[in-house]
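Welcome, and thank you for taking a look at this protein. Please open the structure below and keep it in view as you read.

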Amino acid sequence: MNIQIPDHIAAIKSYQPGKTIPQLQEEYGWKKVAILWNNENTLGYSPKSKQAVIDAYESINYYPDPVSRDLKAALAKRYGKSENQIFMGNGSESVLMHAIRAMCTGEDEFLTSEGGFVIIYNWARINNVRCVAMPMTEDYAFDLEAIKSRINRNTKVIYLANVNNPTGTMITQEELDSFMQHVPDHILVIVDEAYFEYSEALHPDFPNSLEMDYPNILTLRTFSKAYGIAGVRLGFGIGHEKIIDALNKVKLTFEPTALAQAAGIGALQDTAFLKKSIDNNTQQLKYLYKEFDRLGIRYVPSYANFVMTVWKDKDEVMKVFNALMERGVLVRPLYDPISHCIRISVGRPEENQMCIQALEEVL
């Protein structure tokens, strides 16, 4: 095969999917399993969302609404925004991908932090954009001063995760305001608030970037976490109409799907399920903290639906990870520069208890 693959694509390592849960169950012979590795909502999904998908299936032979009118109208009402300020995508990572594609070219740089959501670095590389990642602080947070000091004439997009996945750390209102006051207004600042519904319940003064008066902010939100519909892939961005218009020019024509749009509308209507998800997370985080303290496990306080635990080194991480896997507890070992850490998602009470029991045996 003589077709030349572009260098920036050839240099990227392809995503290597792990074994499926049924495959792992067959291999390990688990009688029960606690799936705590992808920050999913293990309470399930909204019944109203399910019914909306069932109803939408009646017209599945037709293409979806390419501009997601009904879903945008529902979101506009929820957040007090214009529909022209909302962009829909196949998950919030799709919105991020389109933002880089729409905004960056040539010598433009994508500026962020180390120890962030692992896919963000690949989205920059895929679009042949230089990604500059600054070191984290000692307490595993985005170092806004370091990021600010690295801004130069090539900086086009800055990515901030609040809270950050996988560390669970947050950027305060004061920190975010101070940062934005020093960012030139021609630079797009993407504030990823994928865990916002959990975060605002865990911190009374958690910043809401949608309420900040900066036209160069693009806020990302998702239906994958508290709303419990990760499998349909649905996320959105809210920002200035000019930014949203640029994103619309590079999106797939019929993104997201008709079923995803219907699922989102149903999920927005189910406030009872959302509250149940948030309450479970708040209560179960307290349980995990108490048990980690009892077991002497170091952890970083989280403002999301997961906790990053800190171990001696990568060898100890893999020892704990493999021992938990054998016991049917699935957690996430992390990567450089945080390869000495394990992220544990918050599950249902019985899953969290199973995790603690397994950790007790391992330790």
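## A loop with a cis bond

Let us begin at P337, which sits in the loop between β12 (332-333) and β13 (341-345). The bond that joins D336 to P337 is a cis peptide bond, with omega at about 5°. Please keep in mind that everything described here comes from a predicted model.

A second place to visit is the step from N162 to V163, where the peptide bond is also cis, with omega near 5°. V163 belongs to the loop between β5 and α8 (173-181). As background, most peptide bonds are trans.

## The protein as a whole

With those two spots in mind, step back to the full chain. The protein has 14 helices and 13 strands. Its radius of gyration is 21 Å, close to the 21 Å that the globule rule gives for 363 residues, so the protein is as compact as a globular protein of that length. Along the principal axes, the C-alpha trace spans about 55 × 55 × 50 Å.

Of the 363 residues, 52% are buried. Many contacts link parts of the chain that are distant in sequence: among contacts with a separation of 6 or more, 74% are between residues 24 or more positions apart. On the outside, the accessible surface comes to about 17500 Å², and carbon and sulfur atoms account for 50% of that area. The charged side chains number 37 positive and 45 negative, and the centres of these two sets lie 4 Å apart.

## Two helices with a buried side

Helix α4 (residues 69-79) is a good one to find next. Its buried residues are L71, K72, L75, A76 and Y79. These residues cover an arc of only 135° around the axis, which puts them on the same side of α4. A general rule helps in reading such a pattern: an α-helix has 3.6 residues a turn, so residues three or four places apart point the same way.

What do the buried residues of α4 pack against? Their partners are the strands β2 (86-89), β7 (217-222) and β8 (235-238), together with the helices α9 (196-202) and α11 (258-269). The face of α4 turned away from this buried side carries the exposed residues R69, D70 and K77. After α4 comes G80, with a positive phi near 65°.

Helix α3 (residues 47-56) can be read in a similar way. Here S49, A52 and A56 are buried. Seen down the axis of α3, the buried residues fall within an arc of 60°, so they line one face of the helix. Helix α11 is part of what covers the buried residues of α3, and α11 is also among the elements that the buried residues of α4 pack against.

## Two buried residues and their neighbours

Is I244 buried or exposed? I244, in helix α10 (residues 241-250), has a relative accessibility of 1% and so counts as buried. Leaving aside residues within four places in sequence, I244 is in contact with N84, Q85, I86, F87, L218, G237 and G239. I244 and A99 are 145 residues apart along the chain, yet their C-alpha atoms are separated by 8.9 Å.

Now look for N154, in the loop between α7 (144-149) and β5 (155-161). At 18% relative accessibility, N154 falls under the 20% cut-off and therefore counts as buried. Not counting residues up to four places away in sequence, N154 touches E107, D108 and E109.

## Two residues with positive phi

Most residues other than glycine have a negative phi. Where in this model can you find a positive phi in a residue other than glycine? One of the places is N39, with phi near 60°. N39 lies in the loop between β1 (34-35) and α3, and its relative accessible area of 1% makes it buried.

Y140 offers another example, with a positive phi near 65°. Y140 is in the loop between β4 (130-134) and α7. At 10% relative accessibility, Y140 counts as buried.

Definitions and conventions. Residues numbered from 1 in each chain as written. Predicted model: local features only at pLDDT ≥ 70, side-chain atom pairs only at ≥ 80, totals over all residues. Heavy atoms only, no water. Helix = DSSP H or I, 4+ residues; strand = E, 2+ residues; numbered from the N terminus. Rg over C-alpha atoms; globule rule 2.2 N^0.38 Å. Buried < 20%, exposed > 50% of the residue type's maximum accessible area, 1.4 Å probe, protein only. Contact = heavy atoms within 4.5 Å. Areas by Shrake-Rupley, 256 points an atom, 1.4 Å probe, with all protein chains shown as cover. Lys, Arg positive; Asp, Glu negative; His and termini not counted. Charge placed at Lys NZ, Arg CZ, Asp CG, Glu CD. Arc of directions from axis to C-beta.
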